[in-house]
Amino acid sequence: MVNGMKPLQVGLLGAGTVGGGVFTVLQRNQLEIERRAGRQIQISMVADINTERAQEIVQGRAQIVNDAYQIINNPEIDVVIELIGGYGIAKELVLAAIATGKHVVTANKALIAVHGNEIFAAAKKQGVIVAFEAAVAGGIPIIKALREGLTANRIEWIVGIINGTTNFILSEMRDKGSSFDEVLKEAQCLGYAEADPTFDIEGIDAAHKASIMSAIAFGVPVQFDKAHIEGITKLEPIDIQYAEQLGYRIKLLGITKRTSHGIELRVHPTLIPAKRLIASVEGAMNAVQVQGDAVGTTLYYGKGAGSEATASAVIADLVDIIRYDSVEQNKRVPYLAFQEDKVMNTVVMPIGEITTSYYLRLKVSDETGVLAKITKILADNIISIDALLQKEADAGESQTDLVILTHQTQEKFMIQAISDIELLPTVKGSVTKIRLEELS
Ligand code: NDP
Ligand code: HSE
């Protein structure tokens, strides 16, 4: 007992990578956490379908069950931590825990991005807290920063390297020339990748996280279904090399911006200037850059995945629950930062309406007048060129690569220009287009 209060009774659902980390960190730092929270935290029950593996983590210090409902239906449990993942059983269990009046902590970004609005509504009705710091950028306290630390600001934009697996893949491919499949396997072994790694490599995981940040930054519902998503599977090593030559790095970015026409919400490989701090974020590390009107640019960096790093965020949520448990619902920090009746249905712009700069790579015949025709098409579509790189044709080759960087334009103009360029007989095959953000 601390301050005469009985320990917070926690039930853990899923003793995998993150669940194991939560158990370990809570045990190791128990006294330090208690000094801050003013109350002991005790994981008294753990549910996992693999009870033997759970036992290896728990080692007799909590009751292990294979049916999560034994935890949900136990009136002694105050908080349920959901670390199973996915939208299926996890959603069912979270809603059931809320219905029994338990607070919930989750690291499940897929669940919050797809069903967050429904879950928050259910939680509000029951007067319970749903905390999800670990759902975005693992150990980086970005939800707290956006929701509380930056509360004075009108947030303009957020860009983030928010998927460790893909950042790890891109870094290893660039630095060591490793193959995509080889590095993906390594990321899976290190516990970074999702149960279904297509979520990582196709940008879905990053879009889950970007949708959550967008909602918190702009006071809109979570709108994952409106996000534009492209992963890194179509990225070619040659583009990583050309980008380097031009002073840029390619990163899979989650981007959300407030514009006068609505909100941009997109995930795709992006060229960013190599000189920007965020460009040097390598390996499985994450970073989120936030532009606020008062504070200017702030940058948050750290481990976005991994057992103990993610556990750090999960445990911070448990401490918040201890602090806010006795606070009236309408005086707690709102789930999505803004008061519920002030959440606005601002439109998420279709990709054709967004404004950005572009990197284009074309294979062209090495003959007179090619460049003039291409620049004319760009000019006709009101697209201005920022830089050009033409590789000398290899000996005996009649074709060569042309790389163009453009100034900002609307995506629909770029789509039109590319389709016109691809009709030119001197342009071979399709044009590679990668968006570019100066982040200035
Ligand atoms: P794991 O797959 O390592 O752990 C999930 C655990 O839950 C497994 O032991 C699994 O058993 C178990 N499980 C599956 N179904 C049930 C069920 N019905 N009842 C009880 N247990 C069940 O996942 P992670 O720990 O990596 O991820 C957990 C969550 O955290 C996910 O939402 C993930 O997206 C998120 N997250 C993960 C990060 C990371 O670095 N790994 C970082 C940030 C967030 P079995 O393996 O036998 O299926
Ligand atoms: N699969 C995720 C990643 C885990 O690679 O970033 C952390 O959310």
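Between which two domains does the largest pocket lie? This report examines that pocket and the second largest one in a predicted model.

## Position of the largest pocket

The largest pocket lies between domain 1 (8–131) and domain 2 (147–303), because both domains give residues to its lining. Its volume is about 1100 Å³. The lining comprises 48 residues, and those closest to the centre of the pocket are Leu83, Ile84, Gly85, Glu194 and Ala195.

## Lining of the largest pocket

Several helices give two or more residues each to this lining: α1 (17–28), α5 (89–99), α6 (109–126), α8 (164–176), α10 (198–201) and α11 (204–218). The largest share, three residues, comes from α1.

In terms of chemical class, the lining of the largest pocket contains 20 nonpolar residues, 18 polar residues and ten charged residues.

## The second largest pocket

The second largest pocket holds about 580 Å³ of space. Its lining consists of 26 residues; Val333, Pro334, Tyr335, Leu336 and Phe338 are the ones nearest its centre.

At least two lining residues of the second largest pocket are supplied by each of α6, β6 (130–131), α7 (142–149) and α13 (307–324). Domain 1 (8–131) and domain 2 (147–303) each contribute at least three residues to this lining. Sorted by class, the residues around the second largest pocket are 14 nonpolar, four polar and eight charged.

## Elements and domains in both linings

Helix α6 is named among the contributors to the largest pocket and also among those to the second largest pocket. Domain 1 and domain 2 likewise give residues to the lining of the largest pocket and to that of the second largest.

Methods. Residues are numbered from 1 along each chain as its sequence is written. Chains are lettered from A and ligands numbered from 1 in the order in which they are written. This is a predicted model: local features need pLDDT of at least 70, side-chain atom pairs count only at pLDDT 80 or more; totals for chains, interfaces and linings use all residues. Side-chain values use heavy atoms; hydrogens and water are left out. On a 1 Å grid over the protein atoms alone, a cavity is a set of points where a 1.4 Å probe fits but cannot get out, and a pocket is an open set with protein on both sides within 12 Å along at least five of seven lines; lining residues have an atom within 4 Å of a point. Grid points are joined across faces, edges and corners, and a volume is the space filled by probe spheres set on the points. Helices (H or I, at least four residues) and strands (E, at least two) are DSSP runs, numbered from the N terminus. Ala, Val, Leu, Ile, Met, Phe, Trp, Tyr, Cys and Pro count as nonpolar, Asp, Glu, Lys and Arg as charged, and the others, Gly among them, as polar. Domain bounds come from an automatic or database domain assignment.
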